[in-house]
Amino acid sequence: MSGPGPLTVRGRIRAPGDKSISHRALIFAAMADGPSRIRDILPSADVHATAGALRAMGVAIPALSDNFVLEGRGVASLQSPSTAFDCANSGTTTRLLAGLVAGLEGRVARFEGDSSLSRRPMRRVAEPLRRMGARIDFEGAEGHEGLPMRVFGASLTSTHLVNAHASAQVKGAVLLAGLASGVGVTVEEPHASRDHSERMLRARGVALDVIAQNTGSTLITLASAQQLAPLDITVPSDPSSVTFFAALAALADEGELWFEDVCLNPTRTGAFDVLQRMGAEFTIENEQESGGERVGVVRVRPSVLQGTQIGGAEIPRCIDELPMIACLASRADGETIIADAHELRVKESDRIRAVVDNLRLLGVDAEERPDGMRIVGSKRPLSGHVLTHGDHRLAMAFGILGALPGNHITIDDPGCVSVSYPTFWRDLATVVGPARAQVAVGEFAAAVRTPLVIAIDGPAASGKSSTAQWVAQELDVRHVDSGAFYRAATWLALESGHEPETWTAEHVLAGTPRITWRLTERSVLPIIDGTEQDEVLRGAAVTRQVSRVAQMSEVRAWVNSQVREAGAAVDVVVDGRDIGTAVFPNAALKVFLIADSWERARRRLVQRLGRRPTDAEIAEETEALVARDAMDATQSAPARDAVTIDTTSVTQEEQVERIVALARATRERLAHL
Ligand code: S3P
């Protein structure tokens, strides 16, 4: 059961930055000529995909912190990426950038994505772009109109698009194609889709008219030959993310939740209207304009909820929130019918089938319909194991249901929230208390407090990296090798052609915008220009210079920001210098590995040579290690609360066993706080 007694919620939440606006903020700033400051961008996996793709086109995008400047160099400066775009799970990255590349004559880009994205329809964006004169090849099996695809930019002609799917991504693609090619375009919308592109472009000085027609549709007209001015923006918080907690507040027994800085763009607030229609008590205060968007403070209080009907023009205004609304409906009085929502079938999962299947599995009376679903509310306790299909919005919607008293719900892939709301479980724990949030994520309990961080530190060749990797595997969490980030920066510095003796932090940092990170199943990896470079990074040239780079405090700050970003998103075992002291001073468990220098030298040689080293070889390596220890001395102190393990005379297996036992005990302790 999810914790005893009634549920009281209290607090103020600043949900993360809006996803749609974050993608566009990066793209428009990259196209403008001059510096744009971006505050409160959403640092989620989807937005990282857009940043990575733009970096691959030559745009210098710094790490996605909550306040940074992007130095745009104009549309003409955008180059063909040297490697394929890894769009991961992100439809917005794919479709918007397809439009941008299509309008850039002579540029070519290959788009790849994960299995969910590769199933999503791309014909809807390819067709209008082809009509404008771009070439788009689908490279998968015959008849598969999705990723992987290759987009060949051309000098385009203008077009008139009827946006039949009410897709803001398709509309955005055509506008971007027009902007990049300097041609005017018109988009006709029978049902309005979200209008962030229009607002953000106008705020950047682009001539774009939006005219409501007598027929009820809207005509959006972009003039030819437009330039984008750079602009400072603060990304308001995402109403789709707010909806999860607004639903929780409406379903709670007592209390209230406040949401700061919420984007109240009318094309996005359909879910708030639906919640209010169902009886939720909503108040909106301090409404104001910010960067072309309406923002305000929202308060939600518990109330008795009724079923409702949702369809027609309301659907695009709440399309991303329908999984949460469906879950909410399962707790309301009476029945809820969602219609005209065919688009839900082609989101990150088939959200009609996936939501209905999961609701039924939990014991809800729900029925799948071709264009939506019917849900009958009840008060019966719900229990079962939800299958998210890797879909972030399913994980969060059912996570909210799981936090309600009486329900016992586990989620198969809670980590997928990193696509749009990396700190979701932490925010849930803050609002409902760790015990209830813990039940919501079942096996993944440790992640609710803040993702679990296990920090492993120690001198050179103490076996940090291989031990951390093994520990991560045993605990089934991801491994972050922070040293790999230093290696990546070192490799790019070597590539720059400057003599290593002359390197300054500035030289080294100049390459870092080309480096980003990616969550793989087992680890967090640095990616250079969109590609993993594991072999190059482990090579001798990099090994010789990495210590030089790792001593530069500015570079250390950069690596630390990358590693912290990853640690805020998912459970990690992370190894490296300073990890338990400077990078994660609050890590749940810190381990400091030591071993005498002879033993460390011997292990390093066995690994390098693949055979038993001679004593002379060990002696020579020991000398090098001792010298390295002296160079690294300032970074090699254990944290005060670290557990020091002397590994000189234990096998690696024993070491790993010990750390895993400590980690399990730590998880237990956190779960019972
Ligand atoms: C988005 C548009 C919508 C939405 C998605 C983000 C955007 O998709 O579901 O989460 O930022 O343009 P469609 O354009 O496919 O409707």
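Domain 1 and domain 2 bury about 2,200 Å² between them, with 47% of that on carbon and sulfur atoms. Keep in mind that this is a predicted model. Here's a quick tour of how the chain is split up, what holds the contact between those two domains, and what sits around the ligand.

**Domain layout**
- The chain comes in three pieces: domain 1 (8–15 + 236–446), domain 2 (19–234) and domain 3 (453–671).
- Computed from nothing but the model's C-alpha atoms, the centres of domain 1 and domain 2 are 28 Å apart.
- Domain 1 puts 25 residues into the contact, and domain 2 puts in 24.

**Where domain 1 meets domain 2**
- Five salt bridges turn up across this interface.
- Arginine 124 pairs with glutamate 343 in a salt bridge, and their closest N and O atoms are 2.9 Å apart.
- Polar contacts between the two domains come to 15 residue pairs, counting pairs with both residues at pLDDT 80 or more.
- On the domain 1 side, the residues touching domain 2 break down into nine nonpolar, seven polar and nine charged.

**Around the ligand**
- The ligand has 13 residues around it, and the closest are Ser20, Arg24, Ser167, Asp320 and Lys347.
- Serine 167 has a side-chain N or O atom 2.6 Å from an oxygen atom of the ligand.
- Aspartate 320 also uses its side chain, with a polar atom 2.7 Å from a ligand oxygen.
- Glutamine 169 comes in through its backbone instead, where an N or O atom lies 2.9 Å from an oxygen atom of the ligand.
- On its own the ligand would expose 390 Å², and the protein buries 95% of that.

Methods:
Residues are numbered from 1 along each chain as its sequence is written. This is a predicted model: local features need pLDDT of at least 70, side-chain atom pairs count only at pLDDT 80 or more; totals for chains, interfaces and linings use all residues. Side-chain values use heavy atoms; hydrogens and water are left out. Domain bounds come from an automatic or database domain assignment. Contact means heavy atoms within 4.5 Å. Buried area is the accessible area (1.4 Å probe) that two parts lose on being put together, summed over both. A salt bridge is a side-chain nitrogen of Lys or Arg within 4 Å of a carboxyl oxygen of Asp or Glu. A polar contact is a pair of N or O atoms within 3.5 Å; within protein, one must be able to donate a hydrogen and the other to accept it, and residues adjacent in sequence count only if both atoms are side-chain atoms. Ala, Val, Leu, Ile, Met, Phe, Trp, Tyr, Cys and Pro count as nonpolar, Asp, Glu, Lys and Arg as charged, and the others, Gly among them, as polar. A residue is near a molecule or strand if one of its heavy atoms lies within 4 Å of it. Accessible areas come from the Shrake-Rupley method with a 1.4 Å probe; for residues, only the protein chains shown count as cover.
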